[in-house]
Amino acid sequence: MSARFVHSVKVPRLYKESAKSIKKVILDGESFKGTVSRPNHPNVQGIYALVSEALQHCKELDFIIEQTQILVENPRFDPWLAKILITELLWGKKRLASDAKPVLTILEYKEKLQKALLQNSDAAAGPCDKKKAKLPRYVRINTILTSIDEAIYTLCDEGWTLLPKCVNYSTHLDTIANLNEEEFIQDFHIPEVLIFPHSFRFYDHPGYLKNKLLLQDKASCLPAFLMSPKPDSEILDMCAAPGMKTTQLAAIVKTGKIYAVEMNGDRYKTLCDFVDGTNATCVQTIQADALTISSEQYPNIKYILVDPSCSGSGMDRIEVNVQNPENLQRRIKKLQSLQSMILGHALQNFPNVKKVAYSTCSIYPEENEFVVDEALRKFGDKFTLVNLKRKLKNEWDSVGSPQFAFGHKCIYALPERDLCKGFFLAIFKRKSKVPEDVIPDVIESPRNQGEPEFNHCGEEDTETSNTFQAFFPSFTKLPFMQFESSVVIQYNGRAKGLQVFQKEI
């Protein structure tokens, strides 16, 4: 074989751009989708398909190249181009049509490559043959444009069969794992989320084309659902693109206001287009660095969503599986630093905020519990974590690591267990406390002299009750309730009356 290549015929640009892309993903740790979408090439879809195929067979390619010794015998052969051309020959079009020297070299090794393929059982099996959990299709009803009842009625009218709601989460998971081709069901937790068989494609469905039905995984719907902002609230979405969670929040708060922030120009355009298409008129898009947004600009923010860039390990992104471990670890460290900065900014600089949701599509603790732990060490005097499993009525199994004292209050979504994308969520809630300027006062109960009197509303809140008992230990059990704003307590020194009332922050 020749030790030098004389490129009298150029290698097709599709293969050259694909080779550059796979090198950036594996060596430089760049995002697969971001890298592939960069080349100024009319066949971006072809590059995407070829690089995706090569990444899925990355280990098999290494085995085949080692077995055939093609790079040893041809030391000037670009290894990344070799991987792309071998991929095309063995798993892609299964033919190479070019007189370029690298292509001809691969064709000379064709029999050896095919023999090595058969020697390795993993290489012989295509990606579709490997056992992977086939997740169901999740669809969120855009309640800005249609109602839940109307959407379900329309689907049933098309011939779909709506299954009844299950009695518990475990039964629900068994049901969605075995959906028949024409069956669907409402999600166990989130009523506006519908679940369909894995095989169903929504891209040409009228509801999808009209933005009444949105393809959004259940895990991605959990932050807005569990943060449960009040209607008419003002919300800051600090890392908003592409806009799925933003528009879900818009559907919840209706006539409130959502400030959706995105710094990157292309992603900002995507966000604006999606917001317009879903008719989320209460959303104001902002192209800016999230760390520059302040309470002076937006003083009435009550809820913040922090869903920053992450490794995407919960999304089964190909680049995560093939990156060099050292490169991946460096990337995670950089991401963790950025994630901590954005979450810290949200917790520190918005004094009127009630809840801050922190979420990632990662299953690495460095991006999840480690970030939450740092935030609690810095801001634990002002915020506590909401027990999300309890908020889901204990119908959820995947929680944070027991290595952290707060782990049980966070939740994970795990593909193999929850049949949705991998995800992490923690929600910070501002602590209710008695302001220092409220000193015990005399309040006479007009009805039951000498007996405590309570005015309360809402759902029971153990934390508020415990806070009260710290001030008044003589009362052992009090039916205290949860308020979205601070609770001010006044107590008369003669123990003749007690009143609890709400004071706006």
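A residue counts as buried when its relative accessible area is under 20%, and as exposed when that value is over 50%. With these words in hand, helix H8 makes a friendly starting point in this predicted model. Helix H8 spans residues 110–119, and within it Leu-113, Ala-116 and Leu-117 are buried. These three cover an arc of only 105 degrees around the axis, which places them on the same side of H8. Glu-111, Lys-115 and Leu-118 are found on the other side of H8, where they are exposed. Helix H8 thus offers a buried side and, across from it, residues that are exposed.

Aromatic rings come next. The model holds 15 aromatic pairs. One of them joins Phe-370 and Phe-404, whose ring centres are 5.6 Å apart and whose planes meet at 70 degrees. This pair is edge-to-face because the angle between the planes is over 60 degrees. Phe-370 belongs to helix H18 (residues 369–379), while Phe-404 sits in the loop between helix H19 (388–391) and strand E12 (411–413), so the pair ties together parts that are 34 residues apart in sequence. The two partners can also be described by their accessibility. Phe-370 is partly exposed, at 38% relative accessibility, whereas Phe-404 is buried, at 13%. Phe-404 also pairs with Phe-406, with 5.3 Å between the ring centres and 40 degrees between the planes, an arrangement that is tilted. Phe-406 has a relative accessibility of 10%, so this residue counts as buried.

Elsewhere in the chain, one aromatic cluster is formed by Trp-160, Phe-184, Phe-196, Phe-200 and Phe-202. A ring can also have a charged group as its neighbour. The charged end of Lys-165 sits over the ring of Phe-188, at 5.2 Å from the ring centre.

Charged side chains also meet one another. Side chains of opposite charge can pair when their charged atoms come close. In this model the count of salt bridges is eight. Among them is the contact between Glu-17 and Arg-13, with 3.4 Å from N to O. Both residues lie in helix H1 (residues 13–28), and being four residues apart they are separated by about one helical turn. Glu-17 is buried, at 13% relative accessibility, while Arg-13 is partly exposed, with a relative accessible area of 41%.

A salt bridge within helix H18 connects Glu-374 and Lys-378 at 3.0 Å, N to O. Here too the partners are four residues apart, about one turn of the helix. Glu-374 is partly exposed, with a relative accessible area of 22%. Lys-378 reaches 52%, so this residue counts as exposed. Helix H18 is also the home of Phe-370, the partly exposed partner in the edge-to-face pair described above.

Where do the partners lie when a salt bridge links distant parts of the chain? The side chains of Lys-218 and Asp-187 meet at 3.0 Å, N to O. Lys-218 is in helix H13 (residues 218–227), and Asp-187 is in the loop between strand E3 (183–186) and strand E4 (193–196), with their positions 31 residues apart in the chain. Both Lys-218 and Asp-187 are buried.

Definitions and conventions. Residues are numbered from 1 along each chain as its sequence is written. This is a predicted model: local features need pLDDT of at least 70, side-chain atom pairs count only at pLDDT 80 or more; totals for chains, interfaces and linings use all residues. Side-chain values use heavy atoms; hydrogens and water are left out. Rings of Phe, Tyr and Trp (its six-membered ring) pair if their centres lie within 6.5 Å; planes under 30 degrees apart count as stacked, over 60 as edge-to-face and the rest as tilted. Helices (H or I, at least four residues) and strands (E, at least two) are DSSP runs, numbered from the N terminus. Buried means under 20% relative accessible area, exposed over 50%, partly exposed in between (1.4 Å probe, protein chains only). A charge sits over a ring if NZ of Lys or CZ of Arg is within 6 Å of the ring centre and within 35 degrees of the ring normal. A salt bridge is a side-chain nitrogen of Lys or Arg within 4 Å of a carboxyl oxygen of Asp or Glu. The arc is that of the directions from the helix axis to the C-beta atoms.
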